[in-house]
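Good morning, and thank you for coming. Please look at the sequence and the structure on the screen while I go through a few of their parts.

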Number of protein chains: 2
Amino acid sequence: MTITHPQGFEAAGIAAGIKRTGALDLALVVNRGPAQQAAAVFTSNRAQANPIIWSRQVAADGIVSAIVLNSGGANCFTGPEGFQVTHRTAEAAASGLGVAAGDVLVCSTGLIGDQLDGEVLEEGVVSAIARLSSDDGGGDDAARAIMTTDTTPKQVVVVGDGWSIGGMAKGAGMLAPGLATMLVVVTTDAALSAADLDSALRAATRVTFDRLDSDGCMSTNDQVTLLASGASDVAPEPTEFAAALTEACRSLAMQLQADAEGASHDIAIEVVGAVTEDDAVEVGRSVARNNLFKAAIFGNDPNWGRVLAAIGTTSAPFDPYLVDVSMNGVRVCHAGRPDAPRDDVDLTPRATHVLIELHAGEASATIFTNDLTHDYVHENSAYAS
Amino acid sequence: MTITHPQGFEAAGIAAGIKRTGALDLALVVNRGPAQQAAAVFTSNRAQANPIIWSRQVAADGIVSAIVLNSGGANCFTGPEGFQVTHRTAEAAASGLGVAAGDVLVCSTGLIGDQLDGEVLEEGVVSAIARLSSDDGGGDDAARAIMTTDTTPKQVVVVGDGWSIGGMAKGAGMLAPGLATMLVVVTTDAALSAADLDSALRAATRVTFDRLDSDGCMSTNDQVTLLASGASDVAPEPTEFAAALTEACRSLAMQLQADAEGASHDIAIEVVGAVTEDDAVEVGRSVARNNLFKAAIFGNDPNWGRVLAAIGTTSAPFDPYLVDVSMNGVRVCHAGRPDAPRDDVDLTPRATHVLIELHAGEASATIFTNDLTHDYVHENSAYAS
C-alpha cells in the first residue's frame, strides 16, 4: 500500500533532526526508470515557498528523477538564504544519486518564516539515500516522514492491468482548494508520456484535491507530483489511467479529510441542479467556508438557515426561494421554506451529507469539508508553540 | 445616549412574548416629524428575509414614519406566511399610529426558518405604541429589545451645532460586510432631504459597518436605517452631517466588534501602500477571514506567515516578497523575511493591531475583525438549542 508498490521506485524516510521531537522528518522518493516522466501541480497562492519556486522550474520539462520532502519547516518567506537551502537540498540528492539537480524536486511543510538548516538537510539527504528501499518499508517511512499535525500516514495503491499506482499524502490543516495544503507524491509504473501524465493529473486533482476545502485556508507549499517509471512496459489507455489516478487521488483526499485538524464531522456538500459545474463548486464552497454552518454541524444542529445564508452570497444563478436542502437524507427545507422537522435529522455520525438542490440546471459537484470545533481552534492556536 | 436624544422621536421596547425567555423582544421607533425623511441600506445577501423584502419597498420613496424591530426570529425562509406576518406587523403599527403602512419599516433578527406568530407581533405593536416615550428610557428599552446574543445594548449620540444624531445597533455574530449582521437605527433632528441622507448614510456605512468583518458570514436580515425629523430646524452642511454620521456609525461598529460572539481580541487590520482602496480592503478582508490567523491571535501567537499566506490568495497588485507585517507595533516580517523575533510581540491585550505594508501604492483601509475562539465555536454550535 505504498508508493514503492509500482515497479521502478525506491523510497526512504528518516529523522534528519529538523523536528525537535526527533520524529521522522525527511523523505526521499527516487524513480529508477527506465522512464522518468512526470507531471506536477502547485499551489495557486501567490505567496509561494522556496521549494515551490524551485520545483516549478524543475518540473517544467516533464522529467523528474527524485523528490526530497521535509516536514518541520515550510521554507517560505525565508528570503534568498531559504532558496539556497532548497537548492542545496536538490544538489545533495543529485550528487548522491548520480542525477541532475535540475531533475530533483523539493517539497517542504511546516511553519512559515523559520529558516531551515542547510547542513541538516544535506546530511539528511545522504542518510536517506543510504536507506533507500523498494520494499513497503521504504514507502511507509517516507509517508510518515512528511507528517506534520497529521495523526496517521495517508497511502493508497490502485492496481491496473499489468501496471499500478501508489500514492502518499500529508495534510491536516490549511486544506483549501487550488490545492489543499498538502504534499502528495503519486507513482506509477505505467508507460506514459509527461503530456499524458499532465492531463491525467489535472483531471484527477480537479475533482479530488481541489474539491477538498477543510478550512478555507490556502497553503504556500502545496504540491502534487506524479512520477512514471514505465517499468511495467504497459501503456494503458489515457482514459483508463486517468480513472485509476482519480481513484487514487480521491482515496488520498478522503484520508486527508478524515484526519483534518480537530474535526469531528466529515461533511460532503453535494450541490445539484446548478447551471454549470463551476456554479455548483462556488455554491458548495460558500457553505464549506461558512463558520456558522461549520460550528452548527459540530453541535449536531441541522441549522439549514445558515446554508441558505451562505449560498445567498454567491453569484451562481438560482432562486434562493426555490432551493431544497437535505441533511443526512432528511429534507429540512423545501422551496425556501421549512420542511421536515429539524429533530428528524441525526447528525451524530461523523459522515455528514448535505444535499443542496438548486433547481436551476443540470450540473453538480461535491465539496468535502469538516466542521469547526473546539479542537480545531486549539490546535491552530498552539501550532507554533 | 439614545435614539430619542434628537428631537422628534419616540421609542419603546417591550416583551411581546416572541422570545421564550420573556426578555424584551419588540422595539418601536417613531418619527413625529415635522419631516419624515429617511434613507436605508440593506444586506447584499441574495437570500433576503421577509422584512428586508418589505422594507426595501417602503424605504424607496425616502419617507419613513416608524420602524418595528423584533428579536427572537429572523422571519427568513418562512414563505408567503412569513411575508404576511411582516405585512401585518406594519399594518398594526400604521393603524395604531395613524400613518400609512407603506411608511412603516420592519426589521427582524433571530433564527432563520422559524415562523413568527402574527398575532403575537400585532399585540406587541399595540403594547409598544402605548409605551412610546421621547425620554431616554424609551430609547434604552428599544436598544435592549433588539438584542439576540448581544451581551450589552449599543447606543451612541453625536451632538452637532443645534442638531444631533442618536443611534442604536444590535449584532454579535454573522458580522460580515455588505453589511455585517446588524440592525441599526440612526435618528437625527437635522433638516435634510432624503437624498442628502442617502449620500451621507452610504458614505458612513462604507467605512464603518462595511469594514467590520467579525466572522465572514453575511446575514439575510441586515438593515441600517437613518431617520430625520427636521425638528431642530437646522440644516447642517451635508459634509458636516456626513462626518458626524460617520462618527456615530464608527462608534456603533466598534461596539459591535467589542461584543462579537466569543471573541477575546478586537483586531484592526490596517493595510497601507495599496494601489487602490478596494485593493486594501480585499487584502485586509482576506486576513480577517483566515481561520488559521484568527486562531493564532486567540493563542497570542504572532504567526505572520498566516498573514502572508492569506494575502497571497488575493488579486490585489503587490509583490508578496516586498511586504512588511507588524503586530502591535513590532515589525515581525520585513520584505518577505523574518524581522524582529516573534517573542517581542505582546498579543495579550484585547486590542490588536496588525499593520500590513504592501509597498505598491498610496491607498489604505482598515478592516475590523475578531479572533476565532473556543467560545465562538461554542456559542455558534448551541445557538438553536
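I begin with strand β7 of chain B, residues 164-170: 7 of its 7 residues are buried, so the strand is largely enclosed by the rest of the structure. Buried means that 20 or more other C-beta atoms lie within 10 Å of the residue's own; 12 or fewer make a residue exposed, anything in between makes it partly exposed, and the C-beta atoms are placed from the backbone. Strands are DSSP runs of E with at least two residues, helices are runs of H or I with at least four, and both are numbered from the N terminus.

Please keep in mind that this is a predicted model: local features need pLDDT of at least 70, side-chain atom pairs count only at pLDDT 80 or more, and totals for chains, interfaces and linings use all residues. Residues are numbered from 1 along each chain as its sequence is written, while chains are lettered from A and ligands numbered from 1 in the order in which they are written.

Which residues cover the two faces of β7(B)? On one side S164(B), G166(B), M168(B) and K170(B) are buried, and on the other I165(B), G167(B) and A169(B) are buried. The strand has partners on both of the following counts. With β6(B), residues 154-159, β7(B) pairs in the antiparallel sense over 6 bridges; two strands pair if DSSP finds at least two bridges between them. With β8(B), residues 183-188, β7(B) again pairs in the antiparallel sense, over 6 bridges. M168(B) is a good residue to follow: its bridge partner in β6(B) is Q155(B), and its bridge partner in β8(B) is V185(B). The hairpin of β6(B) and β7(B) has 4 residues between the strands, and G162(B) there takes a positive phi near 90 degrees.

Let us stay in chain B for another sheet. This one is open, has 4 strands in the order β1-β2-β4-β5, and shows mixed pairing. At its edges stand β1(B), residues 9-14, and β5(B), residues 104-108; each has a single partner strand, so one side of each is left without a neighbour in the sheet. On average, neighbouring strands here are turned by 10 degrees against each other, direction ignored. For such angles, axes are lines fitted to C-alpha atoms, for helices over the stretch in contact, and angles run from 0 to 180 degrees between N-to-C directions. β1(B) and β2(B), residues 26-31, run antiparallel and are joined by 6 bridges, with A11(B) bridged to V29(B) in β2(B). Helix α3(B), residues 118-130, packs on the sheet, touching β1, β2 and β4 of chain B, and its direction makes about 50 degrees with that of β2(B). Contact here means that the C-beta atoms of two residues, placed from the backbone, lie within 7 Å. Helix α4(B), residues 136-145, lies across β1 and β2 of chain B, at about 50 degrees to β1(B).

Now to chain A. An open sheet of 5 strands has the order β3-β9-β8-β7-β6, with mixed pairing. Its edge strands, β3(A) (37-42) and β6(A) (154-159), each pair on one side only. Within strand β9(A), residues 223-228, we find V224(A). Is V224(A) buried or exposed? V224(A) is buried, with 28 other C-beta atoms within 10 Å. Its C-alpha atom is separated by 5.4 Å from that of V41(A), although the two are 183 residues apart along the chain. Helix α1(A), residues 50-59, lies across β3 and β9 of chain A and runs at about 145 degrees to β3(A).

Two helices of chain A also deserve mention. α7(A), residues 277-288, and α9(A), residues 304-311, pack at an angle of about 125 degrees, with their axes 8 Å apart. That makes α7(A) oblique to α9(A); angles under 35 degrees count as roughly parallel, over 145 as roughly antiparallel, 65 to 115 as roughly perpendicular and the rest as oblique. V283(A), S286(A) and V287(A) in α7(A) meet V307(A), A310(A) and I311(A) in α9(A).

Finally, how many residues does each chain give to the contact between chains? Chain B gives 47 residues and chain A gives 47 residues. On the side of chain B that touches chain A, the largest share, 5 residues, comes from α8(B).
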